[in-house]
Amino acid sequence: MNRLMRILRHRWLDERDVARALPPEALARVQQRVAASEKRHSGEIRVCVEAGLPLSYLWRGASARERAVTMFGKLRVWDTEYNNGVLIYLLLAEHRIEIVADRGLNRHVGRAQWQTVMDTMRAAFRRHEFEAGLNDAIDAVDALLAQHFPLRPGEANPNELPDAPDLR
């Protein structure tokens, strides 16, 4: 019965629910925040918001974390020059948040720091403040990337990945 309820919850939500949580003007502001962030460091930040998991994931009982790791690969967040890409993933159907960082940044940032970022996001999402939660996460990831991968004076980040949130 649990599997059936989970499938129904995920299939019930769609792109309209994503648009209600993050209307176009909010998405534009998130995109601008990512772009502004990437002027301070050599890292890349991607945001992915998904209404529900694909049926194949639900059928086999896959977790939101597993999907986030898959999206990290699909969106090519791993494919940055300094291995310092970060995916901020939001799954609306389960109110789950995941952050997947490449090995370059994970060498410097521990699990407890990532958990603190996710806890801050989770608090905003519980209040249905999705844009604010994403902004908090972007700011926290920005600070970590600026600390560990700052740009040198006159250096520019080549923007290896799109800044716009990926919606599914």
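Helices, as the word is used here, are DSSP runs of H or I with at least four residues, numbered from the N terminus. The exercises below concern a predicted model.

**Exercise 1. Determine in which helix Asn-135 is found, whether Asn-135 is buried or exposed, and which residues Asn-135 touches.**

Solution. Begin with the placement: Asn-135 belongs to helix 8. Next, take the relative accessibility of Asn-135, which is 11%; since buried means under 20% relative accessible area, Asn-135 counts as buried. Finally, leaving aside residues up to four places away in sequence, Asn-135 touches Val-30 and Arg-33.

**Exercise 2. Describe how helix 3 and helix 8 are arranged, and which residues meet between helix 3 and helix 8.**

Solution. First consider the axes of helix 3 (residues 24–37) and helix 8 (residues 130–148), which come within 10 Å and cross at roughly 5 degrees. Because angles under 35 degrees count as roughly parallel, helix 3 is roughly parallel to helix 8. Then list the two sides of the contact: helix 3 contributes Ala-26, Arg-29, Val-30, Arg-33, Val-34 and Ser-37, while helix 8 contributes Glu-131, Leu-134, Asn-135, Ile-138, Asp-139 and Asp-142. Sorted by character, the residues of this contact comprise five nonpolar, two polar and five charged.

**Exercise 3. Work out the order of the strands in the open sheet, and which strands stand at its edges.**

Solution. The open sheet has four strands in the order 3-2-1-4, and its pairing is mixed. Strand 3 (96–101) and strand 4 (166–167) each have a single partner strand, so these two stand at the edges and one side of each is left without a neighbour in the sheet. Turning to strand 1 (residues 44–50) and strand 2 (residues 85–91), these run parallel and are joined by seven bridges; within this pairing, Cys-48 has Tyr-89 in strand 2 as its bridge partner. To connect the sheet with the preceding exercise, note that helix 8 lies across strand 1 and strand 2, running at about 155 degrees to strand 1.

**Exercise 4. Identify the buried residues of helix 5, and explain why they line one face of the helix.**

Solution. Helix 5 (residues 64–74) has Ala-64, Arg-67, Ala-68, Met-71 and Phe-72 as buried residues. Viewed down the axis of helix 5, these residues fall within an arc of 150 degrees, and therefore they line one face of the helix. The packing partners of the buried residues of helix 5 are strand 1, helix 4 (55–59), strand 2, strand 3 and strand 4. As a last step, follow the chain past helix 5 to Arg-76, whose phi is positive, near 60 degrees.

Notes: Residues are numbered from 1 along each chain as its sequence is written. This is a predicted model: local features need pLDDT of at least 70, side-chain atom pairs count only at pLDDT 80 or more; totals for chains, interfaces and linings use all residues. Side-chain values use heavy atoms; hydrogens and water are left out. Axes are lines fitted to C-alpha atoms, for helices over the stretch in contact, and angles run from 0 to 180 degrees between N-to-C directions. Angles under 35 degrees count as roughly parallel, over 145 as roughly antiparallel, 65 to 115 as roughly perpendicular and the rest as oblique. Contact means heavy atoms within 4.5 Å. Ala, Val, Leu, Ile, Met, Phe, Trp, Tyr, Cys and Pro count as nonpolar, Asp, Glu, Lys and Arg as charged, and the others, Gly among them, as polar. Two strands pair if DSSP finds at least two bridges between them. Buried means under 20% relative accessible area, exposed over 50%, partly exposed in between (1.4 Å probe, protein chains only). The arc is that of the directions from the helix axis to the C-beta atoms.
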